[in-house]
Amino acid sequence: MDHQSGLCGFCGIKCDKKCASCHKVFYCSAKHQREDWKNHKKCCPAFTICQDVKMGRFLVANRNLKFGEIVLKEAPIVTGPSQLTAPEIQEKNMRKCSKCGWPMCSQECEEAESHAEECKVSAARGGVSIEHFVSPHPIYQCILTLRCLLMQNSCPEKWDKLSQLESHNDVRKDSLQWLSDREHVAKFIPRFFKMEHKWTEEEILRVLGIVYINGHEVPLTDPPYVAIYAIASLFEHSCCANVAKSFTETGDVVFWAAREIRKGDHLSICYTDALWGTLERQQHLKETKMFNCNCQRCLDITELGTNFSAIKCGALPEASSLTCDGLFLPQGNKDWKNDWKCGKCSRCVQFKEIQKVLQKAGKDATKMKGNVQSCIQFIEDYSTIFPPKHFIMCDVKCVLVQKIGEGDPQELQKISEDLLVMKAELCNEMLDLISLLAPAENRSRGCMHFELHAFLAEMARRGVEYEVECQALLEKSLFHAEKAIQWLEKEPSVLVEGKIYAQAKINADSLKIVLRMRNLSM
């Protein structure tokens, strides 16, 4: 048998056609490939790793991907606390490692493989003593970097995967963060652990750069910890990403298609908060990932027509006309910190004036998120300053959706109809906005669908005497419960979104029973 032929993965006969995605399994016909797909898709990668000079390594879809299809599930190479964190344990529950003195929560953690190597070097230098457990502790800045460095000898296979990741140290060098890292990590590790000749300062800084650029925050603990994955680091960034990210209970990362993806499409996730304004997203990406985003959203100052960062012309001092209904926006997608210009009357204002408005609004929004009425008041007050889809307005609106009927499900029964209608209107507004600007924001979309489901169920309960309308409301409520399930089904149960998913499943099952009984009685 030559190398161009093999045995069909379904029926076993000799054939010469391979799976077009992985090129590893032979099939005698498209029919047999389809019939074997349930088994084969478990080992058939959804992507190809590509590379070019400009982008480095990136992922491209091997085949058409349906919404919800798993693109990648991956265990971390290494995990550890973030650089700025307090010890991840309450002092009253703390026990010291019997060998090295690091704070531990249990015997199991003391004996964990992840702690073994740092335990050895900590014990060799005479142990570690940590006395305070509230504010960020300086020694915690070095743990994850130290774990990575120690893998050179303890786990060369993982070290090989880690060392292939990008550090961007050529760009980071001499920045304030780089200088701080050099002083508090690169110089600290050899001195504190008495390993002056083990690694050079340059080697430590390169590993620290890999941690900084490729670390994923894992929200399974409080505070979250950081994990580094080999392939997950190859997803490129887009503020309008096509891939959503979730985690399993054990900290594996799961990437899945947030919409239908065509064969040949680049696979992208959002490295920042997709519901921040462009200036905030760009600053965060520049400071943490060392690049400027040029996705379709960032290149459009209106953010796909939403005016997500715009400010009303008449809201700023020295308005030429208080009746001008134009909007201030930057004069180019790369000039967010230069003068902003009204698109209608052409008046220009300095960025510092824009910044004053945003800073005050941000502080006011933080103060007003405590209850329903303060959120409503904020939206009314700032409607003269921001367009309705401004990112600060949307942040408060999302909080307001959750506050109306928050807590006990029976709270919705006490809410006025006006507030219920407001809740529904805001849900629909936010769903439309998120689907346009941040299509992979699975948690936000799932939660909004759940809130809309709850509203519709309550309206059906109140309108039970109107049979036709009630039936329609229940059907719509079930629709949104099932949407919530679709968007949140990969969320771990320890997260709020995982709990909402579980409740959505219970509610959906109940609605199906109610609808079935109603249909039988009609």
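Q: Which strands make up the open sheet that contains β15, and in what order?
A: Strands of a sheet pair through backbone hydrogen bonds, either parallel or antiparallel. In this predicted model, one open sheet has 3 strands in the order β7-β15-β14, and the pairing is antiparallel. β7 (70-74) and β14 (243-247) are its edge strands, each pairing on one side only. From one strand to the next, the twist averages 15°.

Q: How many bridges hold β7 and β15 in the antiparallel sense?
A: There are 4 bridges between β7 and strand β15 (residues 253-257). To find one of the pairs, start at Glu74: its bridge partner in β15 is Val253.

Q: Which helix lies across β14 and β15?
A: Helix α15 (residues 442-462) does, and it runs at about 85° to β14.

Q: What is the strand order in the open sheet that contains β12?
A: The order is β8-β12-β11, again an open sheet of 3 strands with antiparallel pairing. β8 (78-81) and β11 (216-218) each have a single partner strand, so one side of each is left without a neighbour in the sheet. Ignoring direction, neighbouring strands here are turned by 35° against each other on average.

Q: Where can the pairing of β11 with β12 be followed, and which helix lies across β8 and β12?
A: β11 runs antiparallel to strand β12 (residues 225-228), and 3 bridges join the two. Glu217 has Val226 in β12 as its bridge partner. Helix α4 (residues 143-154) lies across β8 and β12, at about 155° to β8.

Q: Which two strands form a hairpin with 3 residues between them?
A: β5 and β6 form that hairpin. Strand β5 (residues 47-52) and strand β6 (residues 56-61) pair in the antiparallel sense over 6 bridges. Cys50 has Phe58 as its bridge partner in β6.

Q: Which residues of helix α1 are buried?
A: In helix α1 (residues 30-40) the buried residues are His32, Asp36 and His40. Seen down the axis of α1, these buried residues fall within an arc of 70°, so they line one face of the helix. Arg34 and Lys38, on the other side of α1, are exposed. β4 (26-27) is included in what covers the buried residues of α1.

Q: Is Leu419 buried or exposed?
A: The cut-off for buried is under 20% relative accessible area. Leu419 has 17%, so it counts as buried. This residue is found in helix α14 (residues 417-437). Leaving aside neighbours within four places in sequence, Leu419 is in contact with Val372, Ile376 and Ile404. As for Ile311, 108 residues away along the chain, its C-alpha atom is separated from that of Leu419 by 27 Å.

Q: How many residues are in the largest nonpolar core, and where does this core lie?
A: In soluble globular proteins, nonpolar side chains tend to be buried together. The largest nonpolar core here has 68 residues, and those with the most contacts inside it are Phe328, Ile354, Phe386, Ile392 and Leu400. Among the elements that each supply at least two residues of this core are β19 (340-342), α11 (351-368), α12 (372-382) and α17 (496-521). Domain 3 (298-403) and domain 4 (409-521) both give residues to the core, so it lies between them.

Q: Which residues does Phe328 touch?
A: Not counting residues up to four places away in sequence, Phe328 touches several residues, including Ala310, Ile311, Leu316, Trp340, Cys342, Val349 and Ile354.

Q: Which residues are included in the second, separate core?
A: This core of 41 residues includes Val78, Cys148, Leu165 and Met195.

Q: What domains is the protein divided into?
A: They are domain 1 (1-44), domain 2 (78-228), domain 3 (298-403) and domain 4 (409-521). Taken over C-alpha atoms, the centres of domain 3 and domain 4 are separated by 30 Å. Between these two domains, 14 residues of domain 3 are in contact with 12 residues of domain 4.

Q: How many helices and strands are there in the protein?
A: There are 17 helices and 20 strands. Along the principal axes, the C-alpha atoms fill a box of roughly 75 × 70 × 50 Å. Of the 522 residues in the protein, 49% are buried. Among contacts with a separation of 6 or more, residues 24 or more positions apart account for 61%.

Technical notes. Residues are numbered from 1 along each chain as its sequence is written. This is a predicted model: local features need pLDDT of at least 70, side-chain atom pairs count only at pLDDT 80 or more; totals for chains, interfaces and linings use all residues. Side-chain values use heavy atoms; hydrogens and water are left out. Two strands pair if DSSP finds at least two bridges between them. Axes are lines fitted to C-alpha atoms, for helices over the stretch in contact, and angles run from 0 to 180 degrees between N-to-C directions. Contact means heavy atoms within 4.5 Å. Buried means under 20% relative accessible area, exposed over 50%, partly exposed in between (1.4 Å probe, protein chains only). The arc is that of the directions from the helix axis to the C-beta atoms. A nonpolar core is a set of buried Ala, Val, Leu, Ile, Met, Phe, Trp, Tyr and Cys residues joined through side-chain atoms within 4.5 Å. Domain bounds come from an automatic or database domain assignment.
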